[in-house]
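Hi,

Here is the structure I said I would pass on. Have a look at it first, and then read on for what turned up.

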Amino acid sequence: TFYLGTYGILREALPPSSSSTAAAGMIASLAMWTCLLPLDNVRTRIQARPLSPGAPGSLGAAPSGAMIAVWRAEFLEVVRGPSGARGLWAGWTAVLLRAPVM
């Protein structure tokens, strides 16, 4: 996985100590969430949509091929929103604050 690969590389690169092991874990966590947070934010917005067929913006029983279009549309909606592309990383501050304790 992304996290474990990054963590392993950092643990080998840093001098052996308990603080470097913790630092490797924090840095690996931040790197993983920096890459995956845009996908997670778009997924969360898609999951928050109504499920009832026929409702505006509803997914209902969308065929799998339509899901690519749904992801693309939601991604573009976030980017075109008031925060622009930075909206894809909404919540990164919370990730930064929890990285030392996870």
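One cut-off before the details: a residue counts as buried under 20% relative accessible area and as exposed over 50%, with partly exposed in between. By that rule Arg45, at 35% relative accessibility, counts as partly exposed because its value falls between the two limits. Please also keep in mind that this is a predicted model.

First, the overall picture. The protein has 4 helices and 0 strands, so there is not much to the order of elements by DSSP: α-α-α-α from the N terminus on. Of its 102 residues, 24% are buried. The accessible surface comes to about 6900 Å², and carbon and sulfur atoms supply 68% of that. If you take the contacts between residues at least 6 apart in sequence, 55% of them join residues at least 24 apart.

Now to α2, which covers residues 18-47 and has a kink of about 50° at Leu36. The proline Pro38 comes shortly after the kink. Several residues of this helix are buried, among them Ser20, Gly25, Met32, Leu37 and Pro38. Leu36 itself turns up again on the surface, where it forms a nonpolar patch with Leu39 and Trp71. Together the three have about 260 Å² of accessible area. Trp71 belongs to helix α3, residues 64-79, and is partly exposed, with a relative accessible area of 32%.

What about the inside? In soluble globular proteins, nonpolar side chains tend to be buried together. Here the largest nonpolar core consists of 5 residues, namely Val42, Ile46, Val70, Val78 and Leu88. Helices α2 and α3 each supply at least two residues of this core.

The charged side chains are the part I would look at next. Which residues make up the salt-bridge network? The members are Arg45, Arg49, Glu74 and Glu77, and the structure holds 4 salt bridges in total. Taking the pairs one by one:

- Arg45 and Glu74 meet with N to O at 2.6 Å. Arg45 sits in helix α2 and Glu74 in helix α3, so this salt bridge ties together parts that are 29 residues apart in sequence.
- Glu74 also forms a salt bridge with Arg49, the closest N and O atoms being 2.5 Å apart. Arg49 lies in the loop between α2 and α3, so this pair ties that loop to helix α3 across 25 residues of sequence.
- Asp40 and Arg43 meet in a salt bridge as well, at 2.4 Å, N to O. Both lie in helix α2, 3 residues apart, which is about one turn of the helix.

Is Glu74 buried or exposed? At 3% relative accessibility, Glu74 counts as buried, while its partner Arg45 is partly exposed at 35%. In the pair within α2, Asp40 is partly exposed at 22%, and Arg43 is partly exposed too, at 32%.

Last, a look at the C-terminal helix. Arg98 is in helix α4, residues 92-98, and is partly exposed with a relative accessible area of 33%. Arg98 and Leu30 are 68 residues apart in sequence, yet their C-alpha atoms are 9.6 Å apart in space.

Over to you.

Best wishes

Key: Residues are numbered from 1 along each chain as its sequence is written. This is a predicted model: local features need pLDDT of at least 70, side-chain atom pairs count only at pLDDT 80 or more; totals for chains, interfaces and linings use all residues. Side-chain values use heavy atoms; hydrogens and water are left out. The bend at a residue is the angle between axes fitted to the seven residues ending there and the seven starting there. Buried means under 20% relative accessible area, exposed over 50%, partly exposed in between (1.4 Å probe, protein chains only). Patches are made of residues with over 30% relative accessible area and no salt bridge: like charges are joined within 9 Å, nonpolar side chains (Val, Leu, Ile, Met, Phe, Trp, Tyr) within 5 Å. Accessible areas come from the Shrake-Rupley method with a 1.4 Å probe; for residues, only the protein chains shown count as cover. A nonpolar core is a set of buried Ala, Val, Leu, Ile, Met, Phe, Trp, Tyr and Cys residues joined through side-chain atoms within 4.5 Å. Contact means heavy atoms within 4.5 Å.
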